[in-house]
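Me: I am new to this structure and would be grateful for a close look at a single part of it. Please take one residue as the starting point and build the picture outward from there.

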Amino acid sequence: MPLRQEKNLWPGWLANACRRRENGYLLTEYLVLLGLLGLFFTLAMPKMTWDSHRYAVDVMTREIAVDLQRMRQHSLTNGAADMDGWTLSLRKDKYVIMQRYTVHKTRIYPKGITIPTGKNGRKDFTFDGKGRPQSDMELTVASSGAQPYEKKIIVAAQTGRIRIE
């Protein structure tokens, strides 16, 4: 009796895939596909590098700006900044917030962060009773890493508005 020939019940593309699996091509094709997808995603993703100096400058700038805003708010609520005497004093390695002669906060700069303080090594910031700065209110926070990075805090002379650039 002659052998009966079996009919292929699979659709065309699936039958071809099954035949290729026997030859070992399917695994190779999947590996190539995964490699191409991996290459595509690495090129499509934004560059995610962590630069600690930039982060430290951003954090220090925001912290000083918030402290300046708090000092301004104290002078506005009291209305008598001359008697209250809140001062943010920038020094070579730290900054200090004082009310008259009482120190409320001392913050040491992170490693690699510099803030220019002038010839005498100290720069003081104060506000009057209407929230306006009493001196030149621009300071620069900078990093001294391989790629220098800096941010500026500017306080408007008429309004006392604090902004970061």
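Reply: A suitable starting point is Leu 88, which touches Asp 67, Leu 68, Met 71, Tyr 95, Val 96, Ile 97, Lys 123, Asp 124 and Phe 125, leaving aside residues up to four places away in sequence. It should be said at once that the model is predicted.

Leu 88 belongs to the largest nonpolar core, a set of 24 residues. Within this core, Leu 88 is listed among the residues with the most contacts, together with Ile 64, Leu 68, Leu 90, Tyr 95, Leu 139 and Val 141. Two of the neighbours touched by Leu 88, namely Leu 68 and Tyr 95, thus appear in that list as well. Several elements contribute to the core: helix 3, strand 1 (86-91), strand 2 (94-99), strand 6 (138-143) and strand 7 (149-155) each supply at least two of its residues. Helix 3 gives the most, with 7 residues.

Another neighbour of Leu 88 is Asp 67, and this residue leads from the core to a group of charged side chains. Asp 67 counts as buried because its relative accessible area is 3%, under the 20% limit. Asp 67 lies in helix 3 and Lys 105 in strand 3. Side chains of opposite charge can pair when their charged atoms come close. Asp 67 and Lys 105 form a salt bridge, with their closest N and O atoms 2.8 Å apart. Since one partner is in helix 3 and the other in strand 3, the pair ties together parts that are 38 residues apart in sequence.

Asp 67 has a further partner in Arg 70, and their side chains meet in a salt bridge at 3.6 Å, N to O. These two residues are 3 residues apart in helix 3, so about one helical turn separates them. Their surroundings are not alike: Arg 70 is exposed, with a relative accessible area of 52%, whereas Asp 67 is buried.

Lys 105 also takes part in a second pairing, with Glu 63, in which N and O are 3.0 Å apart. Glu 63 is placed in helix 3 (residues 52-78) and Lys 105 in strand 3 (residues 102-108), so this bridge ties together parts that are 42 residues apart in sequence. Lys 105 counts as partly exposed, with 25% relative accessibility. Glu 63, Asp 67, Arg 70, Lys 105 and Arg 107 are linked in a network of salt bridges. The count of salt bridges comes to 8.

The wider chain gives this part its setting. Its secondary structure comes to 4 helices and 8 strands, and from the N terminus on the elements run α-α-α-α-β-β-β-β-β-β-β-β. Of the 165 residues in the chain, 30% are buried. Among contacts with a separation of 6 or more, 53% are between residues 24 or more positions apart. The chain exposes about 12,200 Å², of which carbon and sulfur atoms supply 57%.

Nonpolar side chains are found at the surface as well. Leu 27, Tyr 30, Leu 31, Leu 33, Leu 34, Leu 37, Phe 40 and Phe 41 make a nonpolar surface patch of about 870 Å². One of these, Leu 34, is located in helix 2 (residues 25-44) and is exposed, with a relative accessible area of 57%.

Methods: Residues numbered from 1 in each chain as written. Predicted model: local features only at pLDDT ≥ 70, side-chain atom pairs only at ≥ 80, totals over all residues. Heavy atoms only, no water. Patch = residues over 30% accessible without salt bridge, like charges linked within 9 Å, V, L, I, M, F, W, Y side chains within 5 Å. Areas by Shrake-Rupley, 256 points an atom, 1.4 Å probe, with all protein chains shown as cover. Salt bridge = Lys/Arg side-chain N within 4 Å of Asp/Glu carboxyl O. Buried < 20%, exposed > 50% of the residue type's maximum accessible area, 1.4 Å probe, protein only. Contact = heavy atoms within 4.5 Å. Core = buried A, V, L, I, M, F, W, Y, C linked by side-chain atoms within 4.5 Å.
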